Amino acid sequence: MSDSFSSLGLSNWLLKALKTLGIQNPSRIQCETIPLILSSRRLDVFGCSRTGSGKTLAFLLPIIELLVRDPRPYFALILSPTRELAHQINQMIVALTASTHAVKSLLVIGGEDHEEAQGLWFGKPNVVVATPGRLVDHFYNRNFLDVCGHKASLRFDCLVLDEADQLISSGFAQQIKDILTFLDDMSANTNHRRQTLLFSATLTTALEELQKLIAKKASGEQPVVVNLLPTIDDVKRELATNEDLDQRYVLCPESVKFVYLIECILDLSFRQLIIFCATKKEAKLIHKVLISLGLDRSDFNLNPVILNADMKQNLRFAALEKFRSLKSKILVTTDLANRGLDLPQVDLIINYNCPKSATVYVHRVGRTCRKPDFKTLPKVPQISETPVEEADDGTDGTDGPKSNKKFKRDSSNHLKPKKSQTVLSSKYLGKSITFVTQYDIELLKSIENFIETKMKAEVKLLFSQNL
Ligand SMILES: Nc1ncnc2c1ncn2[C@@H]1O[C@H](COP(=O)(O)OP(=O)(O)OP(=O)(O)O)[C@@H](O)[C@H]1O
């Protein structure tokens, strides 16, 4: 197996760009997929590896490499299920290509001014990163081809579906079909062949459907499947949680879940926390109560922010930016944020409700422990981990004795912050806590079976009980 980016076929200037971003050696999924994508056979590649393993660069690097070797407009179309993920992918393209003019990217997402965004196609971008709904609006707008020029120029050579299983399974299926129909129309009666790349951390039967859909127009050559999940033989099985993740549950009555949440926030140490809620309404309520309790006061330094689909796009980006730049330490959200978002400082995930499926669980907890996998690569030095600070309470963050800390309140009965929020030193890089009510016990067991891991009860909380 190749063990450096240069041996994967990437040019020196791209290696330099990677170095500037602090990225030295390829992760496993990158080693396996980049040479396939770059190969002259222009294979369709389907890459599957756990969350945080570096899939984004696995498809972006070969796309940029091919473009710089031979710049052409409308070379790659990258589809993403959420606007935030599309934006993140586009930011990575901008960061990687800061030193070249050969790559122009265009972001096509909902919530942006439609007319203005459509006009940007005039610039003949090389890479388009889009969410399916808005892209369909553009493609099927009657002025679209006038804006873009001749049909022939719209023959994307490369189509990427990031989080491919979600793109086919959650209401996007028709839009994906419409996009494929449009692309096929653009290259009808030509021998243009599109290379299709699918990436995901979970494999589902829906994905097989997508493969079939794409295979229809392909040259007959089968896609190459690179499955780095532990159960290589069984593609229907999804297993993608990280062994560096400390997975816990708390059994709590539905009516007082909020009290447990506050206890988690005050008693557990974290750098950044994401609270996943079942609905937008629940997320809004929790965020509102956290603010009314004063957690946005400067002495807490937590500044909870909310991200949900009801918010205007500029507010969604602003909230995410505040969280990404560490001005906020708590993000309250829904499954809108469960896919793909790369927020490396997040070390605690709270599932305020037990996720309704193991796939949702895997993606939610995948927002922490985001370190690519280098372990099985020979001769590659281990990347240095961000040093973890010692806890100010002297505990080691493992299954230690119950914390005997009580909520600290001042005389006016307002919540008071702990001395500081620091990260516990532990063999784990992150932690997830799933709130489980008596009605969720079967669900929890099915998730445990699925991830082949028995979750431990969170014993640090005052109220926690074992199952
Ligand atoms: N070779 C590498 N060396 C060091 N860091 C890397 C490398 N490749 C990617 N990263 C970093 O690892 C983090 C996770 O990568 P990425 O977001 O691509 O994961 P992913 O597999 O797409 O996750 P998800 O399934 O959640 O979408 C990012 O911060 C990325 O910049």
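The crossing of helices α3 and α4 is right-handed. Their axes come within 11 Å and cross at roughly 45°. That angle makes α3 oblique to α4. On the α3 side, the residues involved are T56, L57, F59, L60, L61 and I64. They meet I89, M92, I93 and L96 of α4. The model described here is predicted.

**The chain as a whole**

The protein chain holds 15 helices and 14 strands. It has 467 residues, and 55% of them count as buried. Among contacts with a separation of 6 or more, 79% join residues 24 or more positions apart. The chain exposes about 20,100 Å². Carbon and sulfur atoms supply 52% of that exposed area.

**Helix pairs**

Two packed helices are described by the angle between their axes and the distance between the axes. Three pairs are set out below.

| Pair | Angle between axes | Axis distance |
|---|---|---|
| α3 and α4 | roughly 45° | within 11 Å |
| α6 (132–139) and α9 (173–186) | about 40° | 9 Å |
| α14 (358–365) and α15 (441–451) | about 70° | 9 Å |

At about 40°, α6 and α9 are oblique to each other. α6 passes α9 in a left-handed crossing. From α6, the contact residues are P132, G133, L135, V136 and F139. From α9, they are Q175, I176, D178, I179, F182 and L183.

How are α14 and α15 oriented to each other? They are roughly perpendicular, because angles of 65 to 115 degrees fall in that class and this pair packs at about 70°. α14 contributes A358, T359, Y361 and V362 to the contact. α15 contributes I447, F450 and I451.

**Two covered helices**

α6 is mostly covered, with six of its eight residues buried. Those six are P132, R134, L135, V136, H138 and F139. P132, L135, V136 and F139 are also among the residues that meet α9.

α14 is largely enclosed by the rest of the structure, since seven of its eight residues are buried. The buried set is A358, T359, Y361, V362, H363, R364 and V365. What covers them? The cover includes helices α8 and α15. It also includes strands β8 (245–251), β9 (272–276), β12 and β13 (430–436). Of the buried residues, A358, T359, Y361 and V362 take part in the contact with α15.

**Residues in loops**

T97 is found in the loop between α4 (83–96) and β3 (105–108). Is T97 buried or exposed? T97 is buried, because its relative accessible area is 6% and the cut-off for burial is under 20%. A polar atom of the T97 side chain lies 2.7 Å from the backbone oxygen of I93. I93 is also one of the α4 residues that meet α3. Leaving aside neighbours within four places in sequence, T97 is in contact with W13, I64 and V103. I64 appears in the α3–α4 packing as well, on the α3 side.

Two other loop residues have positive phi values without being glycine. Y74 has phi near 50°. It lies in the loop between α3 (55–69) and β2 (76–79). Y74 is buried, with a relative accessible area of 0%. E163 has phi near 55°. E163 sits in the loop between β5 (158–162) and α8 (164–169). E163 also counts as buried, at 5% relative accessibility. The helix that follows this loop, α8, is among the elements covering α14.

P344 gives the opposite case for burial. It lies in the loop between β11 (330–333) and β12 (346–351). P344 is exposed, because its relative accessible area is 51% and exposed means over 50%. Along the chain, P344 and G52 are 292 residues apart. Their C-alpha atoms are separated by 9.0 Å. The strand after the P344 loop, β12, is another part of the cover over α14.

Terms used: Residues are numbered from 1 along each chain as its sequence is written. This is a predicted model: local features need pLDDT of at least 70, side-chain atom pairs count only at pLDDT 80 or more; totals for chains, interfaces and linings use all residues. Side-chain values use heavy atoms; hydrogens and water are left out. Helices (H or I, at least four residues) and strands (E, at least two) are DSSP runs, numbered from the N terminus. Buried means under 20% relative accessible area, exposed over 50%, partly exposed in between (1.4 Å probe, protein chains only). A polar contact is a pair of N or O atoms within 3.5 Å; within protein, one must be able to donate a hydrogen and the other to accept it, and residues adjacent in sequence count only if both atoms are side-chain atoms. Contact means heavy atoms within 4.5 Å. Accessible areas come from the Shrake-Rupley method with a 1.4 Å probe; for residues, only the protein chains shown count as cover. Axes are lines fitted to C-alpha atoms, for helices over the stretch in contact, and angles run from 0 to 180 degrees between N-to-C directions. Angles under 35 degrees count as roughly parallel, over 145 as roughly antiparallel, 65 to 115 as roughly perpendicular and the rest as oblique. A crossing is left-handed if the near helix is turned anticlockwise from the far one by less than a right angle, and right-handed if clockwise.
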